[in-house]
Amino acid sequence: MGDHKQDITGRQIKTITYIGMTVNIALSVIKVIIGLSAASLALVADGIHSLSDVATDMAVLLGLRLGSKEPDQSHPYGHGRAETFSAGLIALILIVVGGAMIYYATMAIARDEIATPRLCVLIAAIISVAAKEWFYRATRKVAIQSHSPALYANAWHHRSDALSSVAVVIGFILLKIGFGHGDQVAAIAVGLMIIWVGIKVIGDAFRELTEAAVDPDTIEHIKKIINSDSSIRQYHKLRTRMVGREVFLDLHILVDPDLNVTAAHEIAESLEKTLDEQITRPINITVHIEPDIPELRK
């Protein structure tokens with residue numbers, strides 16, 4: 001189940017990612033050129049960060065391509081983990097970028113390099129803040145709708161880019177008021193924020209890889225759907241896990257022991273259909289039918 005949902009969300013992920021890639025390339029070129037001409041380490045670092053966004057965009061697209069492949073004999077549960085690994089790769093890129101920014105900014109302070117505030121740096125940073133914050137919100141919206149861990153990680157990469165541009169603005173202000181290392185301090189602050197985001201994303205990916213259950217709200221929604229079916233007298237052994245964007249769910253249901261096999265099967269089919277219709281993300285369901293007898297009740 002959920003193939004139609006996978007197709008729709010896949011197209012949404014591709015669209016927002018391709019648009020973001022185009023904008024990232026443009027912003028990277030603008031910021032690096034202006035940063036070099038104005039001798040702004042923070043803006044150059046910000047431009048490199050935007051360039052790293054292109055790499056994460058490509059990771060999202062690759063993860064989507066691999067994760068959308070149909071299940072096969074060697075991968076009976078599909079290839080959804082490819083998107084999870086893609087999210088982890090994006091997180092590692094974030095951490096490396098953040099560490100590099102901190103290193104180069106620290107070295108600049110050690111060499112006592114003093115930057116000069118340039119208006120073009122401020123303008124480029126403000127444009128970047130506006131563009132990347134908008135992309136963060138748009139990408140996060142699609143990520144939540146599609147339940148894509150890789151796209152959610154990429155949304156945070158957009159947000160970290162916006163934050164890095166905010167730091168450039170702050171560095172410019174510090175330079176204007178006479179703090180000569182304001183640009184480098186801003187770059188260090190950006191690096192720390194980026195590393196924090198990377199660690200958070202890796203934590204989320206690790207949680208999925210260790211077979212954690214889906215979020216509590218989704219579990220409560222599933223229980224509500226099961227309890228609303230009067231044909232199901234009781235249920236137990238409800239288990240959930242995530243494979244990329246897809247929920248895998250299995251449970252045992254107790255039904256009238258006098259029902260024939262066909263009638264009991266129809267109850268299971270009806271439950272699967274209702275869950276597939278009401279759960280927003282793709283869902284793969286396995287229902288085990290049991291007779292409602294005392295020794296099977298929990």
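**A walk through a predicted model**

Let me begin at one residue: just after helix 6, Glu 211 takes a positive phi of about 60 degrees. Helix here, like strand, is a DSSP term, with helices being runs of H or I of at least four residues and strands being runs of E of at least two, both numbered from the N terminus. What I am showing is a predicted model, in which local features need pLDDT of at least 70 and side-chain atom pairs count only at pLDDT 80 or more, while totals for chains, interfaces and linings use all residues. Residues are numbered from 1 along each chain as its sequence is written, and side-chain values use heavy atoms, with hydrogens and water left out.

Helix 6 itself covers residues 182–209, and its 28 residues reach 41 Å from first C-alpha to last, close to the 40 Å expected at 1.5 Å a residue, where the expected span is 1.5 Å times one less than the number of residues.

Now the overall picture. The protein has eight helices and three strands, and along the sequence they follow the pattern α-α-α-α-α-α-α-β-β-α-β. Of the 298 residues, 49% are buried, where buried means under 20% relative accessible area, exposed means over 50%, and partly exposed lies in between, with a 1.4 Å probe and protein chains only. The protein exposes about 14800 Å², and carbon and sulfur atoms supply 63% of that area; such areas come from the Shrake-Rupley method with a 1.4 Å probe, and for residues only the protein chains shown count as cover. If we take contacts between residues at least 6 apart in sequence, 75% of them join residues at least 24 apart, a contact being heavy atoms within 4.5 Å.

Let me turn to helix 1, residues 3–38, which holds Val 29 and also Thr 17. Is Thr 17 buried or exposed? At 2% relative accessibility Thr 17 counts as buried, and, leaving aside residues up to four places away in sequence, Thr 17 touches Asp 57, Val 60, Leu 61 and Leu 151. Val 29, by contrast, is partly exposed at 45%, and together with Ile 25 and Ile 33 it forms a nonpolar patch on the surface with about 270 Å² of accessible area. For a patch, residues need over 30% relative accessible area and no salt bridge, with like charges joined within 9 Å and nonpolar side chains (Val, Leu, Ile, Met, Phe, Trp, Tyr) within 5 Å.

Next, helix 8, residues 261–278, whose 18 residues should span 26 Å and whose end C-alpha atoms are indeed 26 Å apart. Which residues of helix 8 are buried? They are Ala 264, Ile 267, Ala 268, Leu 271, Glu 272, Leu 275 and Asp 276. Seen down the axis of helix 8, these buried residues fall within an arc of 165 degrees, so they line one face of the helix; the arc is taken from the directions from the helix axis to the C-beta atoms. On the other side of helix 8, Thr 262, Glu 266, Lys 273 and Glu 277 are exposed.

Two of those buried residues reappear around Ile 232, which sits in the loop between helix 7 (216–227) and strand 1 (234–243) and is buried at 9% relative accessibility. Not counting residues up to four places away in sequence, Ile 232 touches Ile 226, Ile 253, Leu 254, Ile 267 and Leu 271. The C-alpha atoms of Ile 232 and Ile 253 are separated by 6.4 Å, although the two are 21 residues apart along the chain.

Finally, charge. Side chains of opposite charge can pair when their charged atoms come close, and a search of the whole structure finds five salt bridges, each a side-chain nitrogen of Lys or Arg within 4 Å of a carboxyl oxygen of Asp or Glu. Arg 233 forms one with Asp 292, the closest N and O atoms being 3.4 Å apart. Arg 233 lies in the loop between helix 7 and strand 1 and Asp 292 in the segment after strand 3 (283–291), so the pair ties together parts that are 59 residues apart in sequence. Arg 233 is partly exposed at 43%, whereas Asp 292 is buried at 12%, and a network of salt bridges links these two with Asp 256.
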